[in-house]
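Okay, thanks for coming, everyone. I'll put the structure up and then walk through a helix contact and some strand pairing.

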Amino acid sequence: MQVRGISLKHAIFNSRYALKSMGEEVQTKNWQGDKSPFSFIELLNLTLEAPLAQTEKEAREECNPFWPWADEHFEERVSGIPYNPPPSHTKWLKKTEEYLETDSKFSHTYPERMWSKGLHRAIRHEIGDLNDAVELLKQDLYTRQCYIPIYFPEDLSAARQNKRIPCTLGWHIIVRDNRINVHYPMRSCDAIRHFHNDLYFANRLALWIESKLDVELEMGSILFSATSFHCFTNDLYALNKLIEKG
């Protein structure tokens with residue numbers, strides 16, 4: 001299912017409307033460690049294309065993220081510190097203890113994945129981090145190689161153990177015509193709780209990267225894709241309300 005929007009807000013609305021109109025009910029055995037999850041309404045292979053917001057304020061207005069938590073957590077993501085758990089988690093999760101591992105850490109966090117240098121052994125080369133993405137763009141602004149991974153090979157074995165694994169696969173940053181563009185693939189995206197936050201974080205990441213470069217760039221477009229774009233059946237009322245608001 002392909003969705004376009006004249007703005008992020010428009011694209012978010014169109015995506016949720018497509019889910020309501022064409023989604024199909026699915027039941028899985030597990031969800032983030034829960035062995036008896038609700039069934040959910042799913043739209044397979046959603047792709048969305050829309051212009052990125054040019055400023056943080058505009059991105060906040062377009063995406064309507066859970067604020068101010070979203071700004072606090074974004075700063076954790078770009079802090080250079082592999083937080084696990086990130087300090088802001090208490091403002092997001094109501095029952096933190098249900099998600100912590102035996103070492104009092106989450107199975108993964110975005111700051112930990114974005115700043116994993118020194119935490120993992122690589123096969124051939126040193127592990128890269130967000131600073132390496134910036135330096136790569138400084139080295140070759142029009143490179144096709146600036147991909148920031150969040151999903152790691154260890155997540156396959158974690159999934160077999162019924163652990164929580166990242167929904168985000170990563171972000172591909174590519175500059176063309178003096179504009180930063182983002183390709184944002186996700187394996188799974190909750191249309192109610194996380195979708196608008198995910199797009200906001202991607203827009204903020206593009207703005208943050210631009211601020212670290214030696215040249216001034218405009219924001220281009222985002223190409224977002226979710227293999228499973230969904231909401232739980234008990235969230236259909238909330239989905240309808242969000243669509244009514246426009």
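So, let's start with this: is the crossing of α5 and α7 right-handed or left-handed? It's right-handed. Before I go on, keep in mind that this is a predicted model.

Here are the numbers for that crossing. Helix α5 covers residues 130-139 and helix α7 covers residues 195-212; their axes come within 10 Å and cross at roughly 55°. That angle is why we call α5 oblique to α7: it falls outside the ranges for roughly parallel, under 35 degrees, and roughly perpendicular, 65 to 115.

Who makes the contact? On the α5 side you've got Leu130, Asn131, Val134, Leu137 and Lys138, and α7 brings Leu205, Trp208, Ile209 and Lys212. Sort the residues of that contact by type and you get 6 nonpolar, 1 polar and 2 charged.

Okay, over to the strands, and β3 is the one to follow. Strand β3, residues 40-51, pairs with β1, residues 2-4, in the parallel sense over 3 bridges. If you want to find that pairing on screen, look for Arg4, which sits opposite Glu49 in β3.

Then there's β2, residues 24-26, which pairs with β3 in the antiparallel sense, again over 3 bridges. Your marker there is Glu25, standing opposite Ile41 of β3.

And what about β7, how many bridges join β3 to that strand? The count is 11, with β7 spanning residues 218-232 and the two strands running antiparallel. Leu48 faces off with Phe224 of β7 there, one opposite the other.

That's my tour, so over to you.

Terms used: Residues are numbered from 1 along each chain as its sequence is written. This is a predicted model: local features need pLDDT of at least 70, side-chain atom pairs count only at pLDDT 80 or more; totals for chains, interfaces and linings use all residues. Side-chain values use heavy atoms; hydrogens and water are left out. Two strands pair if DSSP finds at least two bridges between them. Helices (H or I, at least four residues) and strands (E, at least two) are DSSP runs, numbered from the N terminus. Axes are lines fitted to C-alpha atoms, for helices over the stretch in contact, and angles run from 0 to 180 degrees between N-to-C directions. Angles under 35 degrees count as roughly parallel, over 145 as roughly antiparallel, 65 to 115 as roughly perpendicular and the rest as oblique. A crossing is left-handed if the near helix is turned anticlockwise from the far one by less than a right angle, and right-handed if clockwise. Contact means heavy atoms within 4.5 Å. Ala, Val, Leu, Ile, Met, Phe, Trp, Tyr, Cys and Pro count as nonpolar, Asp, Glu, Lys and Arg as charged, and the others, Gly among them, as polar.
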